[in-house]
Amino acid sequence: DEQKRLLKHRPDQPPQPRVLRIAIIGAPNAGKSTLCNQLLGRKVFPVSKKVHTTRCKARGVITHEDTQLIILDTPGLTNPLKAKRHNLDEAMLTDPWDSMKHADLVLVLVDVSDHWTRNSLSKEVLRCLSQFPHIPSVLVLNKVDVLKKKFLLLEIATDLTEGIVNGRKLEVKSSPKQDSRSSVKLPLHPTEASPPESKAPGSPFGQEKNQAQEGSGLDKSSGAGGAGTGEGPEHHGAKDLKDVKGWPHFQEIFMLAALRGEEVDTLKRYLLMQAKPGPWEFHSDILTSQSPQEICDNIIREKLLEYLPLEVPYGVTQVTDVWEEGECGELLIVQSLLVPRESHKRMLIGRGGRVISRIAQEAGQDLMNAFLCEIRLKLKVQVKG
């Protein structure tokens, strides 16, 4: 009830509010929700090693002094074939595009630990960027702590940017040997400005270097532009993306390890500095646009994805039977997990009830951290119909 009241409540903004709407896009399982949770400081978005953990767009809200950052956590960009394979809703295809339409800045997240995909942006990401070239974009290389050969980050950054960042060509200069634990501060330097056509339309350049970019490895930054007005995924523009690997219009590169929180504060400071004058959308006490029930469903589903094999968790339907506050202020939640087959029920329960007990225990702990109160979570497993 308090969450509903605050969501309807008029934002308690200061006299001169600033705001920035940030869309985070990338391939499935790149670490978008993990990054969102780290930026927020609390776990409110589901995280799993399985793809398509995030099933809908949800907003995270960071309010710092006079500035409000609105983070649009979106499903991983996918295509109709993959969506059909994982039995995904139509929203999984359209939500990332809808988020781009409302964004002032886009973060493109790339998992550098995946050697199959790290040297080129996915076609879905490239289509998204080419559809909204007027929205300032920033490249974020994630999971750099997993990469043992740090010099590969230079090659990856060059490939993903086509050697151009903020309208300038990147040049690798020799420098003292980097600490193997360091996730950033690599010797990337912009050189002579490239021809005007290499800049994204409408992208402002030339602001002074600020403290927030110490870890980005680049000299220049620029402000975020206005919200986009693209038409949707069916319009990809005239440019043929078949042989394109990177995007030459990124304004910055950040290298971090979202799971461990390395250099996340550097990115957060940068985002706060890109905010522009504008009205807040949420009350300062709001952390996410999700309802408590949605947070609960997502956290339980995260555990289902973690402990069930193959496609099994994607067929589970969650039904909340009880949601009530106990005498001592604890929250009692009873949820039924409906599965299509008896064999799935046995897998979900596990030998001696071990699997379902572990899911309930871990989900209950995450819910306590999210809601900051005692949680009594009970899960029941039934076959549909």
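Helices (H or I, at least four residues) and strands (E, at least two) here are DSSP runs, numbered from the N terminus. This is a predicted model, where local features need pLDDT of at least 70, side-chain atom pairs count only at pLDDT 80 or more, and totals for chains, interfaces and linings use all residues. Residues are numbered from 1 along each chain as its sequence is written, and side-chain values use heavy atoms, with hydrogens and water left out. Here's a quick tour of a pocket and some helices.

**The largest pocket**

- H1 gives the largest share of the lining of the largest pocket, with 4 residues.
- At least two lining residues each come from helix H1 (2-8), helix H8 (292-307), strand S11 (317-325) and H10.
- The volume of this pocket is about 750 Å³; among its 25 lining residues, Asp1, Glu2, Gln3, Pro292 and Phe371 sit closest to the centre.
- A pocket is an open set of points on a 1 Å grid over the protein atoms alone, where a 1.4 Å probe fits, with protein on both sides within 12 Å along at least five of seven lines; lining residues have an atom within 4 Å of a point.
- Chemically, the lining splits into 11 nonpolar, 6 polar and 8 charged residues (Ala, Val, Leu, Ile, Met, Phe, Trp, Tyr, Cys and Pro count as nonpolar, Asp, Glu, Lys and Arg as charged, and the others, Gly among them, as polar).

**Helix H2 and its partner H7**

- Helix H2 (residues 32-40) is largely enclosed by the rest of the structure, because 8 of its 9 residues are buried (under 20% relative accessible area, with a 1.4 Å probe and protein chains only).
- The buried residues of H2 are Lys32, Ser33, Thr34, Leu35, Cys36, Asn37, Leu39 and Leu40.
- Right after H2 comes Gly41, with a positive phi near 85°.
- H2 and helix H7 (residues 264-274) have axes that come within 10 Å and cross at roughly 75° (axes are lines fitted to C-alpha atoms, for helices over the stretch in contact, and angles run from 0 to 180 degrees between N-to-C directions).
- That crossing is therefore roughly perpendicular (65 to 115 degrees).
- On the H2 side, Leu35, Gln38 and Leu39 meet Val264, Leu267, Lys268 and Leu271 of H7; contact means heavy atoms within 4.5 Å.
- This H2 and H7 contact has 5 nonpolar residues, 1 polar and 1 charged.

**Helices H9 and H10**

- Helix H9 (residues 342-349) packs on helix H10 (residues 354-371) at about 60°, with the axes 4 Å apart.
- So H9 is oblique to H10 (angles outside under 35, over 145 and 65 to 115 degrees).
- Met347, Leu348 and Ile349 of H9 make the contact with Arg354, Val355, Ile356 and Ile359 of H10.
- The residues in this contact of H9 with H10 comprise 6 nonpolar, no polar and 1 charged.

Technical notes. Buried < 20%, exposed > 50% of the residue type's maximum accessible area, 1.4 Å probe, protein only. Points joined across faces, edges and corners; volume = space filled by probe spheres on them.
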